Amino acid sequence: MPTTTVEANPLSKKPVSWTNIGLGALIQTFEVSTLGQPFEVVKTHMAAHRQDTLPTSLKKIYQRGGIAGFYQGLIPWAWIESSTKGGVLLFSSSEIEYHCRKLGASPVLSGVIGGMCGGVFQAYTTMGFCTFMKTVEVTRQKNPGISTSSLDIAYGIFKREGIIGLNKGVSAVALRQMTNWGSRFGISRITESLIRNKDRNRDLTNAEKIMSSVVGGALACWNQPIEVIRVELQSQVKAAGRPDKLNIWTAAKYIYERNGLKGFYRGVTPRVGLSVYLTTCMVFGGDKLKEYVAQRQK
């Protein structure tokens, strides 16, 4: 039987602190540059074009730009967003989780609070404009022979609506990120506790940690309606009957009137794939990299 080691008391470890900014940026830039952006493009397309099935969406995206079509919005928006939000998330969630544990909270509760706060912080500090521009890239109409860059579109929106227009949907992004990372960290920590069972101090194997992240990522997609509303708020698709000015509530009403309850779950399949991959990178990858850096700093 494989031997197990006793995990050191996490409260005796000084948090890596500022190093987590660099680690978070590195992890999320790797994630989005590999499988993350293709999942993001597909789920955004399906949330904006709610009549399209998954095969139809894949076909349309490929026709739009070949393999490169699945990486629309990667450079510079996704790189800017991932590097900044990854650093904010890993730094803030790690600090808050550590101090919650220090105050006596359980690992699960600490993970939930850390994830929720980290999600809100990253939404309001870095994600609003970048998420909006990524959605613009995926949903805008491109006319043959007419070259209009996403920066031109951003400038036009800024002239019409100011800085608020460029951060359209940021509250929906914050709500999504709060529930996303609260669920991802929380469910991952619950799964880790269930795997440990009565041996609370046992170190988990890498396979067990990855499985915990997979479960956390998949189950965190319960909030898909918030994501569909966010995409609708930021979408450049001008459908007939779509109100000119939308907020979270009017967007939800519009989606329900057009597509019913099913409309709120369009794109959930690629989003599960995205969430599983992202959570594995950030929870499992983040934990392992923080452990590695902590060992190097001793």
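The legends below describe close-up views of a predicted model.

**Figure 1. Overall make-up of the protein chain, with 10 helices and 0 strands.** Along the sequence the elements follow the pattern α-α-α-α-α-α-α-α-α-α. The chain has 298 residues, of which 52% count as buried. Among contacts in the chain with a separation of 6 or more, 80% are accounted for by residues 24 or more positions apart.

**Figure 2. Packing of helix H3 against helix H10.** Two packed helices are described by the angle between their axes and the distance between the axes. For H3 (residues 74-102) and H10 (residues 268-297), the angle is about 70° and the axes are 12 Å apart. Because angles of 65 to 115 degrees count as roughly perpendicular, H3 is roughly perpendicular to H10. The crossing of these two helices is right-handed. On the H3 side the contact is formed by Gly86, Leu89, Leu90 and Ser94, which meet Met282, Gly286 and Lys290 of H10. Sorted by class, the contact of H3 with H10 has 3 nonpolar, 3 polar and 1 charged residues.

**Figure 3. Packing of helix H6 against helix H8.** The axes of H6 (residues 170-196) and H8 are 9 Å apart, and the helices pack at an angle of about 155°. An angle over 145 degrees counts as roughly antiparallel, so H6 is roughly antiparallel to H8. Their crossing is left-handed. H6 contributes Ala172, Val173, Leu175, Arg176 and Thr179, and H8 contributes Ile226, Glu227, Arg230, Leu233 and Gln234. By class, this contact of H6 with H8 has 5 nonpolar, 2 polar and 3 charged residues.

**Figure 4. The largest nonpolar core and a second, separate core.** The largest core has 13 residues, and the members that touch the most others are Ile229, Leu233, Ala251, Ile255 and Phe264. At least two residues of this core come from each of helix H1 (19-48), helix H8 (224-234) and helix H9 (248-259). H8 supplies the largest share, 4 residues. The second core is separate and has 12 residues, including Leu90, Tyr277, Leu278 and Val283. Two residues named here also appear in the helix contacts of the earlier views: Leu233 lies on the H8 side of the contact with H6, and Leu90 on the H3 side of the contact with H10.

**Figure 5. Surroundings of Trp222, in the loop between helix H7 (206-219) and H8.** Trp222 has 48% relative accessibility and counts as partly exposed, because that class lies between the 20% limit for buried and the 50% limit for exposed. Leaving aside neighbours within four places in sequence, Trp222 is in contact with Thr179, Ser183 and Tyr265. Thr179 is 43 residues from Trp222 along the chain, and the C-alpha atoms of the two are separated by 9.1 Å. Thr179 is also one of the H6 residues in the contact with H8.

**Figure 6. Surroundings of Glu40 in helix H1.** The relative accessible area of Glu40 is 12%. Buried means under 20%, so Glu40 is buried. Not counting residues up to four places away in sequence, Glu40 touches Lys134, Arg230 and Leu274. Of these, Arg230 is one of the H8 residues that meet H6.

Conventions:
Residues numbered from 1 in each chain as written. Predicted model: local features only at pLDDT ≥ 70, side-chain atom pairs only at ≥ 80, totals over all residues. Heavy atoms only, no water. Axes fitted to C-alpha atoms, helices over the stretch in contact; angles between N-to-C directions. Parallel < 35°, antiparallel > 145°, perpendicular 65-115°, else oblique. Left-handed = near helix turned anticlockwise from the far one by under 90°. Contact = heavy atoms within 4.5 Å. Nonpolar A, V, L, I, M, F, W, Y, C, P; charged D, E, K, R; others polar. Core = buried A, V, L, I, M, F, W, Y, C linked by side-chain atoms within 4.5 Å. Buried < 20%, exposed > 50% of the residue type's maximum accessible area, 1.4 Å probe, protein only.
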